[in-house]
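Got the structure open in your viewer? Let's take a walk through it, one selection at a time.

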Amino acid sequence: MKKSETKKNPAFLEHVYKLNEGTGLTEALKLSLKKINEIDIAQFNKIGLKTYEKDKWTIHKIVQHLIDWERIWCFRAILFARGEGSIPDGHDQEIMGANSNADELPVERLVDELRIVRQSTIMMFESFNKKILETNCRFFEYEMPLSAIGLTITAHQIHHFKIIQERYLPLDN
């Protein structure tokens, strides 16, 4: 792909900024950890492996999906922060979800893992200086500053927590 074909600030990035409501990176990451800590495990346990529609993921798989993708985005951030030079490949979330054993794991364990991964993510992004956070990251056909990767992680959680709230929590009856 020629440099002229690269899209800066792709449409999805505008959505990322909108979901984060203009919050800065550090604040957004810490707020997202607070939301993880507020999860009602008892309610998730009552819902269990129910889904709101056939062939949709369970809450267990959604939490595993958040964990997996946060790790992928952090790997990408490290590559860019350290100037490694390669362009990370894309990944198929449907294949990853289909091959997940999240439904065999207690939801408490998954939420604990998400919490630990987020704490690690916060520490990683806090370790980056301004120059690193402003690093231009190019992958697929998009470019964005490295700091936007952190905001993508928080926006991803906001998106899925909203789906859980709107479509899964009503299953608790």
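Start by selecting Trp 57, Lys 61, Gln 64, His 65, Asp 68, Trp 69, Gln 93, Met 96, Gly 97 and Ser 100: together they line the largest cavity in this predicted model. The space inside comes to about 50 Å³. Now colour by helix, and you'll find that H4 and helix H5 (93-98) each give two or more residues to this lining. H4 gives the most, with 5 residues. Colour by class instead, and the lining shows 3 nonpolar, 5 polar and 2 charged residues.

How many cavities of 30 Å³ or more does a search of the whole structure find? There are 2, so let's visit the second largest as well. Select Leu 66, Trp 69, Glu 70, Trp 73, Arg 118, Ile 153, His 156 and Gln 157, which line the second largest cavity. About 40 Å³ of space lies in there. H4 and H8 each supply at least two residues of this lining, and H4 has the largest share, 4 residues. By class, you're looking at 4 nonpolar, 2 polar and 2 charged residues.

Keep H4 (residues 59-81) on screen and add helix H6 (residues 107-127): their axes come within 10 Å and cross at roughly 20°. That angle makes H4 roughly parallel to H6. Turn the view to look at the crossing, which is left-handed. To see where the two helices touch, pick out residues on the H4 side, including Ile 59, Val 63, Ile 67, Cys 74 and Ile 78, and on the H6 side, including Val 107, Leu 110, Leu 114, Val 117 and Phe 125. The whole contact of H4 with H6 has 14 nonpolar, 3 polar and 4 charged residues.

Next, bring up H1 and H8. Their axes come within 8 Å and cross at roughly 70°, which makes H1 roughly perpendicular to H8. This crossing is left-handed too. Select Phe 12, Leu 13, Val 16, Tyr 17 and Leu 19 in H1, and you'll see them meet Ala 148, Leu 151, Thr 152, Ala 155, Ile 158 and His 159 in H8. What's the mix of classes in the contact of H1 with H8? It has 9 nonpolar, 2 polar and no charged residues.

Now for the pockets. Select Lys 35, Gln 157, Ile 158, Phe 161 and Gln 165, which lie nearest the centre of the largest pocket, out of 22 lining residues. This pocket holds about 580 Å³ of space. Helix H1 (11-19), helix H2 (25-37), helix H3 (41-47) and helix H8 (146-168) each supply at least two residues of its lining. The largest share, 7 residues, comes from H8. The classes here are 9 nonpolar, 7 polar and 6 charged.

Last stop: the second largest pocket, with a volume of about 390 Å³. Of its 17 lining residues, select Phe 12, Val 16, Trp 73, Thr 152 and His 156, the closest to its centre. H1, H4 and H8 each supply at least two residues of the lining, and H8 again has the largest share, here 5 residues. By class, this lining has 9 nonpolar, 7 polar and 1 charged residues.

Key. Residues numbered from 1 in each chain as written. Predicted model: local features only at pLDDT ≥ 70, side-chain atom pairs only at ≥ 80, totals over all residues. Heavy atoms only, no water. Axes fitted to C-alpha atoms, helices over the stretch in contact; angles between N-to-C directions. Parallel < 35°, antiparallel > 145°, perpendicular 65-115°, else oblique. Left-handed = near helix turned anticlockwise from the far one by under 90°. Contact = heavy atoms within 4.5 Å. Nonpolar A, V, L, I, M, F, W, Y, C, P; charged D, E, K, R; others polar. 1 Å grid on protein atoms, 1.4 Å probe; cavity = no way out; pocket = protein on both sides within 12 Å on 5 of 7 lines; lining within 4 Å. Points joined across faces, edges and corners; volume = space filled by probe spheres on them.
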